[in-house]
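Work through the exercises below with the sequence and the 3D structure open beside you. Each task sentence is followed by a solution that proceeds in steps.

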Amino acid sequence: MSARRIVLYFLAFGILWILGSDRLLALITSDVATLSALQSVKGLAFVGLSALLILFLGRLAERRHQRLQDETNRQRERLAHILEVTPAVLYTLKPHPTEAGRWEVDFVSQNVEDMTGHPPDVWRTRQDFWQRHLHPEDLPRVLEAQARLAGCDTLHHEYRICHADGSYRWVDDRLRLLRDADGRPLMLTGAWLDITDRKRAEQAIQASENRYHELFEVNPLPMWVFDLGTLRFMAVNEAAVAKYGYSREEFLAMTIEDIRPPEDVERLRHTVSGHRQIGGYGSSGEWQHVRKDGTRFWVEITGHTLLRDGRPARLVLAQDITDRRQAEERSRLISQVFEATEEGIFITDAQNRFVSVNRAFSRITGYSPQEVLGQTPALLKSERQNRAFYAELWKQLNTEGRWEGEIWNRNKSGEVYPEWLAVNAIKDEQGRLQQYLGIFTETSSRKSAEERILRLANHDSLTDLPNRALLVDRARVVLATARHQHTPVVLMHLNLDHFSAINESLGHEAGDQVLRELALRLTRCLEPEDTLCRLGGDDFILLLPDTGVGDVAQISVRLMDAVARPFAVAGQDLRLSASIGAAEFPENGSDLTELSRAAESAVHLAKREGRNTVRVASRRLQEQVQETLALARELRWAVERGELVLHYQAQMDARSERVVGLEALVRWQHPQRGLVPPGRFIPIAEETGLIREIGRWVLDEALRQTAAWRATGLCVVPVAINLSVSQFRDPGLPEEVAQALRRHDLPAHLLELELTESVAMEDSDFTIARIASLKQLGVTLSIDDFGTGYSSLSYLKRFTVDKLKIDQSFVRGLAQSPQDEAIVATVINLARSLGLHTVAEGVETAEQLEFLRRHGCNEIQGYHFHRPAPAEAVAGLLSSETL
């Protein structure tokens, strides 16, 4: 409480007391003596009450002052704590008392010593200390900035100040000018922050950017930066502009795909996706690039992934390796010739010591390279030639630089053999002798050499397939025979799609490996009388006698499936496709030249229409071929899309005419084509290898349906399914059948497996073992289409099968053909003697049924009783049988 307020309170109290007490005394008495006495009492009371009032007001003022003092102490302590933890140095300046515009230090925080190495007292007592410790380069700029402070009241600048250890520290200085009510400068407050580390980092970044700019712009090799997201160029150097022919502005409007050949774009995108990690450094391999004028050249790419403008980018350096690639290719060809030639080759140094030999040398002499390196050709001497012979040899070699003739040598096993040897002296540009090169042929093997020459003349050296010369000879014979016998001939031209990308990305060795493997695969697709020829590159010709255009679809399916299977090359699985053209004799040509031209035109048409397809020069059968190929492609998805369904045909007891079994028959319910008959898609499935997958599905679906009927209380009967060749020969078939039975909780006697007679007899020993393994499971086994193939009764009696199914081709002739009747009767008697059941297929008339009953056939299957029907209809049939 202020002194003014205390005085006011006292004056108010005194006035009220005087006025009030006098009025009160006048009311109490009018006696002068009494009044005088009361006046004395009143005076004393006034003094006492005044003292109490002053005491109360004084105490109240003291308590308020103490609260203010406590709050001030708390604020001072809080400020002290803040000063202890803040990294900034806080200070205040006050105007100099005598010099206008000059300031002196009023306060500086204790941490100024941590920042500058100088204690606070120095800063407070030596007013020019700050100015004398500024960096000389910064002093004019700082003083000029402070001169502007009077006009703007705030200042923010950075400068260097000398540390006590002699080094300079960067400080960030922020000041504010405080004024009094009249606008006169009252005080300056400021804060220093040590930014030395930040400045050093900025300087390092700037130096790095300067180095990067110098390395980037003046580098003699093309360099660029591109955005990893959009693939657009972000920067290019002058070397890139000069190398590629584009201006810098053109580059910045392009992507890195624009300097690649079209066939490399997909590989490029895959490679770029692997460079997303910041900091990733390394080679991206060897690539072909395209200049603005369209010319191509080879480069080796090295890159580094970084952030540019906040986006992942890649800094790339491209080194032209066209000359190196050409040199490597020449070296590879030379090395290939060196190793592949049938002639022995050796190279010695100037002292006639072996330094290199080829495989033919080792084959002829018996010595490995390790055994002869460092030795001289004297190792091979047979002693058949005298010293005069060798003296003449060396004389001619030294004077003419070459010697050629026959010489007798001895191989490692001691056998002496003649060889025709040519030796050349190799000299450098100054004529100094460097090496000797020797090439020799074992003349005792001349006949075999002539045969090899003949084979090389008629066969492709890479794949060992017939070449065009041999194709011409064979075509002459095949076409002459076809012309004479009026039989068809088909010529097919197969060309791989995008094969050049393999050579360019993985190298020619990988491409050669693919061609050799493909030659083997295509050969397996053909008959012995067919001719497969490699024209060169990735072009193959197939000459197919006794083949019509109607067979092209099935053959093409086999060929394209062979091409489509993965090739394991250079640690990768490569997938290829092919375009095929076909021409027919004599419709599309009367000789090989015309047929080749027609097939080649068909190949070009297949290429134009998207590749991976077949085109036939004959228009009338092109639609049929396309239909077959379309079915082959769509069949691959049929199982996965649930388009396959099973129909069931009842097998009846011949006497009681009760249902004793069902045969499961697969159907293809195509969403657009409708119900595709088995005769249309089963051969395609067999050609493409899908038959095994379809077979597994049929097995599982038939057992699933049987289990479902059984669960509803129907009296189920055994269900029969057909086994394909590949399925029957699958090593995992017995376990697959056992798992399917367990999966659907069915006893084995409810499953019957049918295999055709031709499958059973293809490898009888294998069939016996496989049938035995299946019989151990408890399933029923039958031989389907019995009588249509060639059966050996000695093997048949060893087959532990249960049934023979008489083919419908014989049943159809009953009551019409005595030969068919004799065959059927014989099969029934044979089965009875072997203890086997017989099932007659394709029974359609009462006469056929009567004949089969009369001769003791056990079961009947055919339209006379029931046609194949879906599961819903068969459920009704089983229900009626149950009743």
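## Exercise 1: the second largest pocket

Strands E1 (89-95), E2 (103-108), E4 (168-179) and E5 (185-194), together with helices H5 (129-132), H6 (139-147) and H7 (149-152), each supply at least two residues of the lining of the second largest pocket. The model in which this pocket is found is a predicted one.

Task: Establish how many residues line the second largest pocket, which of them lie nearest its centre, and how the lining divides by class.

Solution. Begin with the space itself, which for the second largest pocket comes to about 760 Å³. Next, take the lining, which consists of 30 residues, with Leu93, Trp103, Trp130, Gln146 and Leu188 lying nearest the centre of the pocket. Finally, sort the lining by class, which gives 21 nonpolar, four polar and five charged residues.

## Exercise 2: the largest pocket

Task: Describe the lining of the largest pocket by residue and by class, and find which element contributes the largest share of it.

Solution. The largest pocket holds about 950 Å³ of space. Its lining is made up of 32 residues, and those nearest the centre are Glu663, Leu665, Pro678, Asn722 and Asp784. Turning to the elements, at least two lining residues come from each of strand E24 (659-670), helix H23 (678-688), helix H24 (691-711), helix H25 (725-728) and strand E28 (780-786). Among the contributions to this lining, the largest share is that of E24, with five residues. By class, the lining of the largest pocket comprises 13 nonpolar, 11 polar and eight charged residues.

## Exercise 3: the cavities

Task: State how many cavities of 30 Å³ or more the structure holds, and characterise the largest and the second largest of them.

Solution. The count of cavities of 30 Å³ or more is three. The largest cavity has a volume of about 100 Å³, and of the 13 residues that line this cavity, Phe226, Arg260, Leu268, Ser284 and Ile301 are the closest to its centre. Two or more lining residues are given by each of strand E6 (223-227), helix H11 (265-273), strand E8 (281-290) and strand E10 (311-320), and H11 gives the most, with three residues. Sorted by class, the lining of the largest cavity has eight nonpolar, three polar and two charged residues.

For the second largest cavity, the space is about 40 Å³, and the lining is formed by Leu635, Arg636, Val639, Leu690, Glu693 and Ile694. The elements giving two or more residues to this lining are helix H22 (619-638) and H24. By class, the lining of the second largest cavity has four nonpolar, no polar and two charged residues.

## Exercise 4: a pair of packed helices

Task: Decide whether helices H19 and H20 are roughly parallel or roughly antiparallel to each other, and name the residues that make their contact.

Solution. Two packed helices are described by the angle between their axes and the distance between the axes. For helix H19 (residues 508-524) and helix H20 (residues 552-564), the angle is about 150° and the axes lie 9 Å apart. Angles over 145 degrees count as roughly antiparallel, and H19 and H20 are therefore roughly antiparallel to each other. The crossing in which H19 passes H20 is right-handed. In the contact, H19 takes part through Leu518, Arg521 and Leu522, while H20 takes part through Leu559, Ala562 and Val563. By class, the residues of this contact of H19 with H20 are five nonpolar, no polar and one charged.

Note on methods. Residues numbered from 1 in each chain as written. Predicted model: local features only at pLDDT ≥ 70, side-chain atom pairs only at ≥ 80, totals over all residues. Heavy atoms only, no water. 1 Å grid on protein atoms, 1.4 Å probe; cavity = no way out; pocket = protein on both sides within 12 Å on 5 of 7 lines; lining within 4 Å. Points joined across faces, edges and corners; volume = space filled by probe spheres on them. Helix = DSSP H or I, 4+ residues; strand = E, 2+ residues; numbered from the N terminus. Nonpolar A, V, L, I, M, F, W, Y, C, P; charged D, E, K, R; others polar. Axes fitted to C-alpha atoms, helices over the stretch in contact; angles between N-to-C directions. Parallel < 35°, antiparallel > 145°, perpendicular 65-115°, else oblique. Left-handed = near helix turned anticlockwise from the far one by under 90°. Contact = heavy atoms within 4.5 Å.
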